Amino acid sequence: MNIESRLAQIGSQNDPVTGAVSYPIYQATAFRHPKLGQSTGFDYARTKSPTRSVLEAAAADLEGGDAGFACSSGMAALQTIFALFGQGDHLIVSLDLYGGTYRLLEKIMSRFGVTASYVDTGDLDALEAHYTPATKAVLIETPTNPLMMITDLEKVSAWAKRKGLLTIVDNTLMTPFLQRPIELGADIVIHSATKYLGGHNDVLAGLIVTKGKELSEQMAFLHNSIGAVLGPQDSWLLMRGMKTLALRMERHQYNSVRLAEWLLNHPAVEDVYHPALPHHPGHDVQKRQASGHTGIFSFRMKDARTVEPILRHLKLIAFAESLGGVESLLTYPAVQTHADIPEEIRRKVGVDDRLLRFSVGIEHIDDLIADLGNAIDAALREIEGE
Ligand SMILES: Cc1ncc(COP(=O)(O)O)c(C=O)c1O
């Protein structure tokens, strides 16, 4: 079946007893054993819980993996994955990385002897240069956020396989509707499901999908042992959101491409970073490995003084720090999502005080253009009057 149908039908055929089309919330932590040595398949909710299991099976199916694991947040999912590694292990990680992942690696995993090198994972020579015998995995975000750098997943996972490394892909920005890294050779996919999968800025969740029996068993052990699992109510809320993923992504994509094109022609804007634009360096790879574009992109204003008044004058678009919801949000990465990344690294990757990141919602495109246009005009008037 096509992915649109599989999304719409998540959980709808999993309750043969009542036929409930919306899979029930099993708010239970303990499950009765029929008799000694027998189990219904559910014993204790940290290990396995019915509502979460339906979500986990859907995640594995959508990403083309063998097992899914629902976690209490995207960070919990990353922490669970990082528990695969220990003293002396080294990871190669995308340069323009989500700030929270950087913080987890540098402030916490470093205390367990795990080190990371931050590399443009789109550049095979750079990967080769940072590889050491201690390297155990490559962690890729593609596109990165906010600069939308693209990595060729097929090429890098083939390289990683030759070196005996795991390929881990944070697929938060793309979702399995647009990009399926496991089909391109990755071993593990992670999501902040708080974003597009949930889609409504109302549930915090993470998902892991693994490929291969041994890795799936290892992850099941870590998921249960660490215990940062998703509760039944949030599992249900996430499935409810995922049912409309295809429709939402189509609108996010349409709006973001239109806005990126509009901003590119605006005289106050220096550049727009959107893989749909032909001048974007990752345009061709993105076209090949994904079936479309996400709703995230960023743009750099010519004058840093315009940033504060633009954020203040927005009426429809919210100045807020998340992405992937139906509501449009504008983020100032240098002071919000990337504040934990040292300034010299931020500047190296181009996250400076003129850069804004747009998470384009599903509102009408004319309203979005009008709101942003008015805010930019008002900002320009203010700085002209200074
Ligand atoms: C790409 C990416 N990965 C992981 C995370 C962490 O997810 P969460 O906020 O659900 O813990 C985020 C959050 O913004 C993200 O953008």
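Phe-42 is buried, with a relative accessible area of 18%, a value that falls under the 20% cut-off used for that label. This comes from a predicted model, as does everything that follows. Phe-42 sits in the loop between helix H1 (3–8) and H2. Its C-alpha lies 8.4 Å from that of Arg-32, and the two residues are 10 apart in sequence.

On the far side of that loop comes helix H2, which runs over residues 50–63. Its 14 residues span 20 Å from the first C-alpha to the last, close to the 20 Å expected at 1.5 Å a residue. How many of the residues of H2 are buried? The count is 12 of the 14, so the helix is largely enclosed by the rest of the structure. The buried set mixes quite a few residue types: among them are Pro-50, Val-54, Leu-55 and Leu-62, but also Arg-52, Glu-56 and Glu-63. Three alanines, Ala-58, Ala-59 and Ala-60, are on the list too. Right after H2 comes Gly-64, with a positive phi near 75°.

Helix H3 takes up residues 74–82, and this one is mostly covered as well, with 7 of its 9 residues buried. Those residues are Gly-74, Ala-76, Ala-77, Leu-78, Thr-80, Ile-81 and Phe-82. The N-terminal end of H3 has a cap, and the residue doing the capping is Ser-73. One of the side-chain oxygens of Ser-73 lies 3.3 Å from the backbone nitrogen of Met-75.

The start of H3 also leads to the ligand. Ser-73, Gly-74 and Met-75 are all among the residues around the ligand. The rest of that group is Tyr-98, Asp-170, Thr-172, Ser-192, Thr-194, Lys-195, Leu-204 and Ala-205. Which pocket does the ligand take up? The space it fills is the largest pocket. Some of the surrounding residues come with specific distances. A polar backbone atom of Gly-74 is 2.9 Å from an oxygen atom of the ligand. Asp-170 places a polar side-chain atom 2.7 Å from a ligand nitrogen. For Lys-195, an N or O atom in the side chain is 2.6 Å from an oxygen atom of the ligand. As for how well covered the ligand ends up, it would expose 390 Å² if taken alone, and the protein buries 91% of that.

Thr-172, another of the residues around the ligand, belongs to the loop between strand S5 (166–170) and H7. Thr-172 is buried, at a relative accessible area of 8%. Its C-alpha is separated by 18 Å from that of Gly-282, a residue 110 places away along the chain. A little further on, Thr-175 is part of helix H7, which covers residues 175–178. Is Thr-175 buried or exposed? With 0% relative accessibility, it counts as buried. Its backbone is worth a look too: phi is near 70°, which is positive even though the residue is not a glycine.

The loop between strand S4 (135–141) and helix H6 (153–163) holds several backbone details. Two of them are cis peptide bonds. One joins Thr-142 and Pro-143, with omega at about 0°. The other runs from Asn-145 to Pro-146, where omega is near 15°. Pro-143 lies in this S4–H6 loop, and so does Pro-146. Met-148 is also found there. What is the sign of phi at Met-148? It is positive, at about 60°, although the residue is not a glycine. Met-148 is buried too, with a relative accessible area of 0%.

Asp-152 belongs to this loop as well. At 12% relative accessibility, Asp-152 counts as buried. Which backbone nitrogens does its side chain come up against? One belongs to Glu-154, at 3.3 Å from a polar atom of the Asp-152 side chain. Another belongs to Lys-155, which the side chain of Asp-152 reaches at 3.2 Å.

Definitions and conventions. Residues are numbered from 1 along each chain as its sequence is written. This is a predicted model: local features need pLDDT of at least 70, side-chain atom pairs count only at pLDDT 80 or more; totals for chains, interfaces and linings use all residues. Side-chain values use heavy atoms; hydrogens and water are left out. Helices (H or I, at least four residues) and strands (E, at least two) are DSSP runs, numbered from the N terminus. The expected span of a helix is 1.5 Å times one less than its number of residues. Buried means under 20% relative accessible area, exposed over 50%, partly exposed in between (1.4 Å probe, protein chains only). A residue is near a molecule or strand if one of its heavy atoms lies within 4 Å of it. A polar contact is a pair of N or O atoms within 3.5 Å; within protein, one must be able to donate a hydrogen and the other to accept it, and residues adjacent in sequence count only if both atoms are side-chain atoms. Accessible areas come from the Shrake-Rupley method with a 1.4 Å probe; for residues, only the protein chains shown count as cover. On a 1 Å grid over the protein atoms alone, a cavity is a set of points where a 1.4 Å probe fits but cannot get out, and a pocket is an open set with protein on both sides within 12 Å along at least five of seven lines; lining residues have an atom within 4 Å of a point. A molecule sits in a cavity or pocket if more than half of its atoms lie within 2 Å of its grid points.
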